[in-house]
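Reader: I should like to examine how the descriptive terms applied to this model are justified. Please begin with the chain as a whole and then turn to particular residues.

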Amino acid sequence: MRRNGAHVDLEGGHLSPRRGGASGASAAAEHEQAEGGNLRKDLLLAYKTLGVVFGGLVTSPLYVYPSMNLASPTKEDYMGLYSIMFWTLTLIGVVKYVGTALNADDHGEGGTFAMYSLLCRHADIGILPSKKVYSEEEPLLHNQSATGRRPSWLGKFFERSITARRVLLFMAILGMCMLIGDGILTPAISVLSAIDGLRGPFPSVSKPVVEALSAAILIGLFLLQKYGTSKVSFLFSPIMAAWTFTTPIIGVYSIIHYYPGIFKAISPHYIVRFFLRNKKEGWRMLGGTVLCITGAEAMFADLGHFSKKGIQIAFLSSIYPSLVLTYAGQTAYLINNVNDFSDGFYKFVPRPVYWPMFVIATLAAIVASQSLISATFSVIKQSVVLDYFPRVKVVHTSQDKEGEVYSPETNYILMVLCVGVVLGFGAGNAIGNAFGVVVIMVMLITTIMLALVMIIIWRTPPALVALFFVPFFVMEGSYVSAVFTKIPEGGWLPFAVSMILALIMFGWYYGRQRKMEYEMANKVTVERLAELLARPEVQRVPGLCFFYSNIQDGLTPVLGHYIKNMGSLHQATVFVTLRYLLVAKVDERERILVRRLGPSGVYGCTVQYGYADSLCGGDLAAQVASSLRRHLAGADDEAALLEAAWNAGVVHVRGKMRFYVGEDAGWFDTVMLGFYEFLHGICRSALPALGMPLQQRVEIGMLYKV
């Protein structure tokens, strides 16, 4: 998750907290300013969140009622459905997310993976010891000597069970992948539902025409992603504000005009009567009502980009009342027009404002789509940097905004899937079925992880944990059971995509961590390096070698393998570690940090860079050499050795390890490490990403036995 600063290794990006430094202090100050700002700043931030955080949530009135398969609905049915949606919005939206989940952040970051990271720092529940990351400011809660508190019974259970820890990690990854699935379905269902409004005034417009127009809009939207959103992002909040404040006005008009007594449906007894009357069919309709809360998880996941107070103000002051009034207006209209549910939004819009609302709805759908696409890019980028996803190309499209990124591979895969959903599923019901699976699964995962946070970290009394967990688990479990019946009817797509992504992320993570575990256990110390170089058979050959390593406390085992087998090391060798900082640009004085490592001609180097900095192979070598010259000022012999090595030629060496799975290894290691080897073989190489000239690149292979 995001920190004031972070380290990324060459092969994928292992982050760790950064101590000190101007960049880290600046980021901390900015975070403190965002959290402690006055009411005016919070209100402004709340207004800005409308265009980014709540896209899927506020456009849900377009597709909730059309996603329900209603047969001969009655007034009582609509009253029960509105009661279900009201209490779903209130309990899940207000109580669970705004009141509880937003407090379970990890250094300002939200989402299921943020909670997993938080749990890993407060209990020994990582699946490998090398994954544990504890900061000096937050000592381990399970360490009694540090806090005076004994570990909870649940913490002890996870510490004893490797299976439970693996399940927890996979669950956290699956929750994040469900959000990526949201990035596939929200653009499809939002744009398709908005463009479907053409069929009201023009009945001759067929569904294939609506699907083709929707696909064309989505293709255009995806093709524009490479240019970034900075130039048009200032329009997002006004568009979503126009949508958020006009739909409830129409809702109030419909309430007065069609059924002023709609709010008596708030009474929960209408829910009981609905299920008693409809029984199994009522339970199946939960798959449509769950769409009223789409976007709530995105609200939690976007916590890292906005303050908690800004999100709470925006939701409670505008989003929640807007949705309550809009759904009340739609329901009031449908009570008097019981068979118009297939076009439940546009039918309740008064004719004089039909076209302005069509334009606003279409623009809101595009903004909601853009928000989810951008969020998907951010999730993929964070996953790559955190070393939870194979390397893909990530481009920063803004010099000022760290979160504005673009991934070509991700973009075109999303485009194909979104357009395929529109053209393949067509009808809103099928897409709604698929959407429901994504929405409720990630919410159920969040509920389970929130309960773990309450028990392990917050130490909430068991009675209060049960008071939170049981109602939400029962409610969301009921929704899950209903939407799972929709899997054969379209719900299989996001579930399959999310499972594939989760398996990829879990396999990559597991392989990388086993690699780190091996390297830390077999690292070469500076003392060991001096012993190797002191051997008579080891020669120092001319040239300057940049040896890339992701180990800071010691040197990669590949180095020992290289020296033993080659019997040589270059006259001047620099062990380079890349450190990625969450700032735009790193000050030139902090860009390259060099130090002596003991043996003659052997140096350590840390290269720090921000998201707007570019790293070029030739420039990087020249800059490191220049820093070394300044560092060696006054040491004439070493400076002359460095100059001779530079003139003899530069080479960039990277270790390329592979796992050797022995016969005594377990089936889990055999399967997962084999899968990791496959992923590692097809993903982008790290050195080309740094622009190293081909003739200067050398890869040293080594087998790590498991």
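Author: In this predicted model, 59% of the protein's 706 residues count as buried. The fold comprises 26 helices and eight strands.

Reader: What makes a residue count as buried here?

Author: The term requires under 20% relative accessible area. In helix α21, which spans residues 557-566, the residues that satisfy this are Pro557, Val558, Leu559, Gly560, Tyr562 and Ile563.

Reader: Which elements do the buried residues of α21 pack against?

Author: Their partners are the helices α19 (492-521) and α20 (526-534), together with the strands β3 (539-548), β4 (568-580), β7 (650-660) and β8 (697-705). Just after α21, glycine 567 adopts a positive phi of about 65 degrees.

Reader: Why is isoleucine 219 called partly exposed?

Author: Its relative accessibility is 33%. Buried means under 20% and exposed means over 50%, so isoleucine 219, at 33%, falls in between and counts as partly exposed. This residue is found in helix α9, residues 207-223.

Reader: What makes Ile219 eligible for a surface patch, and which residues form that patch with Ile219?

Author: A patch residue needs over 30% relative accessible area; the 33% of isoleucine 219 therefore passes that cut-off. Ile219 forms a nonpolar patch with Leu223 and Tyr412, and together they have about 240 Å² of accessible area.

Reader: How much area does the protein expose, and what share do carbon and sulfur atoms supply?

Author: The protein exposes about 27,800 Å², of which carbon and sulfur atoms supply 62%.

Reader: Among contacts between residues at least 6 apart in sequence, what share joins residues at least 24 apart?

Author: That share is 81%.

Technical notes: Residues are numbered from 1 along each chain as its sequence is written. This is a predicted model: local features need pLDDT of at least 70, side-chain atom pairs count only at pLDDT 80 or more; totals for chains, interfaces and linings use all residues. Side-chain values use heavy atoms; hydrogens and water are left out. Patches are made of residues with over 30% relative accessible area and no salt bridge: like charges are joined within 9 Å, nonpolar side chains (Val, Leu, Ile, Met, Phe, Trp, Tyr) within 5 Å. Accessible areas come from the Shrake-Rupley method with a 1.4 Å probe; for residues, only the protein chains shown count as cover. A salt bridge is a side-chain nitrogen of Lys or Arg within 4 Å of a carboxyl oxygen of Asp or Glu. Helices (H or I, at least four residues) and strands (E, at least two) are DSSP runs, numbered from the N terminus. Buried means under 20% relative accessible area, exposed over 50%, partly exposed in between (1.4 Å probe, protein chains only). Contact means heavy atoms within 4.5 Å.
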